[in-house]
Every structure is written in structure tokens, then in C-alpha cells.
Amino acid sequence: MISNPILKGFHPDPSIIRVGLDYYIATSTFEWWPGVRLHHSRDLKNWELIEYPLNRISQLDLRGVGPSQGIWAPCLTYENGVFYLVYTIVRSFYCNMYDTENYLVTATDIHGPWSEPVALNNFGFDPSLFHDSDGRKFMVSMVTDHRVPKKYAGRIILQEYDPIKKCMTGEAKDIFTASDIFLEGPHIFKRNNWYYLFCADTGTGELHGQSVLRSRSVFGPYEMKKDKPERWEKGDAYSIMTSRHFPDILLQKSGHGDMVETPDGDWYMVHLCGRPCDKRNPDTAARFKNSRRYMLGRETALQRIVWKDDWPYLYSEVDKKITSIPQDEISEPAMGKRTYENEKELPAEKSKLNKDELNKDVFNKDDLRKDDFDSEILNPDYQSLRVPMDEKYLSLTERTGYLRLYGRSGLSSQFSQSLIARRMTSYHMEISTALEYEPKFFKQMAGLIFMYDTENYLYLHVTRDEDIGKCITLLKYENKKAEYLSEYIPVKENVPVKMRLHINGAEVRFEYGAGNECQKNAKMEQIGPMVDASFLSDEACDQGWFTGAMLGICTQDLTGSGLNADFDYFEVKDLDKK
């Protein structure tokens with residue numbers, strides 16, 4: 001069986017392709033750098049993180065973007081030896097007039113290098129590129145509307161792209177408008193001379209779903225699949241997959257899907273989903289009153305698709321005669337039955353594999369592990385905020401076996417933070433690090449951070465107080481409200497400090513130990529109380545609600561002198577992982 005989610009933790013808006021025997025998924029990264037996560041698989045079950053396509057400042061500059069802005073909904077496609085990736089950079093979102101810049105990059109190798117961006121139209125976000133059978137290429141996207149009131153609840157447009165001139169061409173045409181159904185995340189597929197418009201519906205929260213329309217022409221008119229399930233209530237979308245009426249199932253928020261066909265002719269859909277913790281927003285919340293909280297953010301899951309009367313259905317719907325409920329486990333696809341007589345069907349980097357190697361397990365399954373910083377290259381699972389961690393911020397060679405971070409801006413900065421983080425992937429985890437750090441002023445800090453965005457985090461850090469000297473404390477920052485959860489506790493000068501975080505559901509506790517022996521099995525002491533960390537979630541944050549909680553290490557030097565902190569290791573244990 002394949003257990004969902006297949007990509008745990010913050011991995012929303014999945015786009016999937018198959019090239020030969022290889023599958024690739026692209027997911028959104030928002031304000032985290034580098035841009036766009038790419039995963040590779042041979043069996044749709046085991047996934048390996050590979051190189052980021054947007055890894056140069058010339059391609060991607062996110063300085064100044066707010067929480068949950070930046071890279072939205074990448075779409076990955078492939079045709080005639082070229083990989084295409086279109087995506088949105090959202091510069092302004094919490095306002096009346098959105099700024100949604102759409103771009104395209106290409107590569108002949110999925111591992112790069114990827115081209116410099118080509119500017120596309122900016123009508124809205126979630127662009128997708130469709131390669132028609134006659135060679136023409138079209139970009140489809142939703143349309144934002146700043147007017148009050150909006151003329152349509154949902155609007156999808158199509159415009160042709162000229163790959164020779166590298167620009168949009170011809171008129172942008174509406175292919176869907178509706179007064180009561182909001183669609184986004186569009187993809188176009190072609191099958192049996194039908195054009196299918198695959199769209200996410202009804203926002204990104206617990207009402208989320210996936211709709212499908214079809215037409216005999218790429219320009220429409222498109223008819224929506226409405227036969228089953230019927231609308232449950234007025235204003236409800238005709239979703240072919242949704243969790244909105246099934247609050248007790250594992251995969252909530254299900255929607256924003258993309259489809260792929262296996263070599264054996266089976267079809268699968270990847271889609272985003274969420275797993276809530278046991279906490280809710282209060283009734284007095286400014287938004288999302290009494291809503292469940294999703295600390296893990298939106299994740300990626302997989303469903304089997306079958307075709308009936310030239311319409312796609314969830315396999316579970318046809319097989320079990322139930323409505324379109326996403327399943328947390330699906331049967332594994334039967335791979336490898338097809339004979340590849342044409343070598344061109346295989347991607348170039350895999351075309352020399354023999355039959356035995358085609359079934360070989362080539363995946364990095366241990367993606368969560370202790371990082372002793374013995375490599376000169378940072379593990380790709382780490383991401384930074386908005387800017388790359390170049391030599392101004394980070395060094396893995398200055399001190400062998402240590403990661404050196406140079407203090408830069410404060411934790412609210414949207415420009416130059418010295419911080420790296422990995423995703424929270426379950427509600428039962430243990431995270432630890434040890435650092436050597438000798439601050440001289442209270443404006444210098446370094447330590448272990450559990451964060452959602454620049455306005456919401458828990459920060460266990462070493463600093464200095466004028467009266468106490470070198471010390472450690474725990475800071476809570478919730479929607480810009482700061483609160484210290486412990487006193488300043490003195491620690492010895494010139495000795496390492498070990499830090500540990502235990503996550504048990506939404507409840508967390510922090511521990512520390514100081515001294516040369518702390519690298520071994522020294523007794524750890526709890527600092528501060530048990531903390532309800534569920535405010536680090538999509539629903540609880542005032543601004544961002546599209547990413548997920550992250551686990552990281554960081555340092556700040558608000559004096560401007562760039563004092564460094566040396567981290568000996570960073571260990572992340574997923575206690576739910578079998």
C-alpha cells in the first residue's frame with residue numbers, strides 16, 4: 001500500500017509529470033529559498049528530493065515579500081526533451097490589488113541548470129502550461145479581481161505562448177466564468193479528443209475541493225462534471241474529490257490536484273491535503289473562528305483515478321460506491337510491465353539502465369536524520385527565508401564539522417536573516433542541536449527555532465544580559481506579540497549549549513544543557529512551561545496561511561558586527577516514522 005501523505009509537511013500545490021519511467025513532483029515554496037521543491041520517484045511511493053530549479057538570485061529575488069507570498073503553485077510539464085516550469089511570484093497579496101508575476105523557466109535536464117525566467121502575463125496566479133498535440137502551447141490561469149464587488153466569483157483565462165519569441169501572443173480569452181463557484185489551480189489535459197480543465201475549487205481551507213470540466217476545443221465552451229456527487233447545499237462546488245463533508249477522515253482540505261498516466265495506462269492524481277492537530281481557533285479569533293489548526297501545513301497525497309464515459313473518477317468512488325472521499329491508503333501501482341522498445345521514451349539520464357536496474361530502489365528514504373555538518377554542501381532539505389545562505393551568512397568550511405552562521409537581521413526581517421530550517425512532518429517529533437556561541441551584547445542571539453513565519457515562532461536562544469551575563473531564555477512571538485516564557489538563566493562562558501525540542505501533538509517542551517559534557521549524555525533541564533504551539537498553523541496566523549511549521553537554527557546580530565554561532569549538529573527525529 002501507498003500511505004498518504006506521500007510528501008509530509010509543507011508541500012502544497014503539487015504538479016506531477018512522468019518522463020519515461022521517472023515521476024517528478026513540483027510543490028510551492030512561498031517565501032522560502034531556493035524556489036520550488038522537486039521530488040523524484042520510480043514507483044509513486046518512495047520520493048527523493050532533488051535539485052531546486054530556482055537557485056540563483058538572477059532567477060529569484062524574494063527580498064521584501066510578506067509571509068505566505070513569493071512562489072505559488074508551480075506547474076511542471078515536459079515535451080520533446082525540454083522541461084517547462086511556470087510559477088507565480090506574489091509580491092503583494094494582503095491588499096486590494098494583487099501583484100502576481102508569472103514566469104517560465106526551462107531545462108533539458110531535470111537536475112538543471114534551469115534558464116533565466118521568461119516573463120508571462122500577470123492576470124492572476126496559478127499558471128499552467130498546456131502542450132497541445134498540434135505543437136501549440138497555451139498558458140491557463142485564474143484571474144484576480146480588485147473591484148468591489150467582483151464581477152465573477154471565479155474566472156479562468158487562456159492565452160497562447162510563443163516558444164520561439166518567448167512571449168505571450170494573441171488575445172487572452174475567458175474559458176470559465178461563474179458567479180458562485182471559485183476556481184483556481186487550473187491544468188489542461190487532452191484525452192480521446194476531449195480537453196479537460198482540472199481546477200481547484202472553494203479556497204484552500206476545509207471547504208477545498210477539485211472540479212473538472214471538459215470541451216472539444218481548448219478555448220471552450222467547457223461543461224462541468226456535475227453528475228455525482230450533486231451539490232450538498234447552495235453554493236457548493238461539484239467536486240470530484242473533497243473532504244468538506246467528511247470532517248473525521250485523515251486527509252482534510254483535499255484539492256488542487258494534477259494527474260499523471262503510468263506506463264501501464266493507469267491514472268493517478270496528486271493533490272494537497274492537511275492533517276489537523278487537536279486544537280482550534282477561539283470563537284473570538286479575527287478570522288477562521290473555531291477552525292481546526294493545521295501545524296503541518298498543506299501536504300501532498302496521491303489518489304488513483306479511473307475513467308468512465310470520458311470523465312475522471314476517484315477509484316474509490318467507482319469501486320466502493322462511495323462519494324469522492326480521498327483515501328489515506330491506496331494500492332500500489334503495478335509498475336514495470338511495459339516493454340520500452342523505443343529508447344526515446346526514457347529520459348536521457350536513465351536510458352542506459354538495464355531491466356534489473358529499472359526496478360532497483362534508488363531512493364533516499366532517510367531524509368530526516370542527524371546532520372553532523374561534515375559535508376561542504378548544505379543538505380538540500382534545508383531552506384532559508386527569501387535569500388540564499390551564501391558566504392555572508394553561512395560557512396561549512398570555516399570550522400570542520402560545524403555549521404557557522406553569521407548574525408544578520410532580526411527575526412522579523414523580510415530581507416537578510418541568517419536562518420535555515422526543515423519541515424515539521426508529524427505531530428510527534430524530537431529536534432536537537434548543540435552550539436558554541438559567545439555573545440557580547442543582549443542584541444546578539446543564537447539558537448533553536450520552531451516557526452511558522454516572521455510573526456509567529458518559539459525561539460530557545462543564547463544571549464547576554466548586562467546583569468546576568470551569558471544566558472539562555474525562551475521567547476514566544478505570536479502574531480507580533482512578544483512574551484518570554486522563562487527567566488534569563490545563566491550558562492557558563494566558553495562551553496557548548498545543547499538544546500532540544502519535544503513535540504507531542506500541539507504541546508511542546510524545550511530543554512537545555514550546558515558544558516563540555518553536554519555533547520554526550522548530560523542531564524537536560526526543561527526551560528519554560530509546556531507550550532501550546534498550535535498558533536504555528538495556517539489558521540492561527542494573522543497574515544500567512546499557506547505554508548507550515550518549520551524547525552531550524554538561526555542567529556541574529558542587531559549590532560551589525562556579524563558575530564558567528566557554530567552549530568555542531570542538527571537532528572530531526574520523526575517519531576511517527578516507521
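Two strands count as paired if DSSP finds at least two bridges between them, and the strands themselves are DSSP runs of E at least two residues long, numbered from the N terminus. Keep in mind that this is a predicted model: local features need pLDDT of at least 70, side-chain atom pairs count only at pLDDT 80 or more, and totals for chains, interfaces and linings use all residues. Residues are numbered from 1 along each chain as its sequence is written, and side-chain values use heavy atoms, with hydrogens and water left out.

**Stop one: β33 and its partners**

Select residues 469–478, which make up strand β33. Nine of the ten residues here are buried, meaning under 20% relative accessible area (exposed is over 50%, partly exposed in between; 1.4 Å probe, protein chains only).

Now add residues 489–490, strand β35: β33 pairs with β35 in the antiparallel sense over two bridges. To see the register, pick Ile 472 and look across to Ile 489 in β35.

Next, bring in β32, residues 456–465, which runs antiparallel to β33 over ten bridges. The two form a hairpin with three residues between them, and Thr 463 sits opposite Cys 471 in β33.

Then select 481–484 for β34, joined to β33 by four antiparallel bridges. Tyr 477 faces Ala 482 across this pairing. Two residues lie between the strands of this hairpin, and Asn 479 has a positive phi near 45°.

**Stop two: a four-stranded sheet**

Jump back to an open sheet whose strand order is β20-β21-β22-β23, with antiparallel pairing. Its edges are β20 (252–261) and β23 (311–314), each pairing on one side only. Neighbouring strands are turned by 35° against each other on average, direction ignored; the axes are lines fitted to C-alpha atoms, and angles run from 0 to 180 degrees between N-to-C directions.

For a closer look, select β21 (267–274) and β22 (298–308), an antiparallel pair with eight bridges. His 271 stands opposite Ala 301 in β22.

**Stop three: the cysteines**

How many disulfides are there? Zero, taking a disulfide as a pair of cysteine sulfur atoms within 2.5 Å.

Show Cys 95 and Cys 541: the closest cysteine sulfur to that of Cys 95 is the one in Cys 541, and at 19 Å it is too far for a bond. Cys 95 is partly exposed, at 37% relative accessibility.

Finish with Cys 199, which is buried at 0% relative accessibility. The closest cysteine sulfur to that of Cys 199 belongs to Cys 75, 12 Å away, so the gap is too far for a bond.
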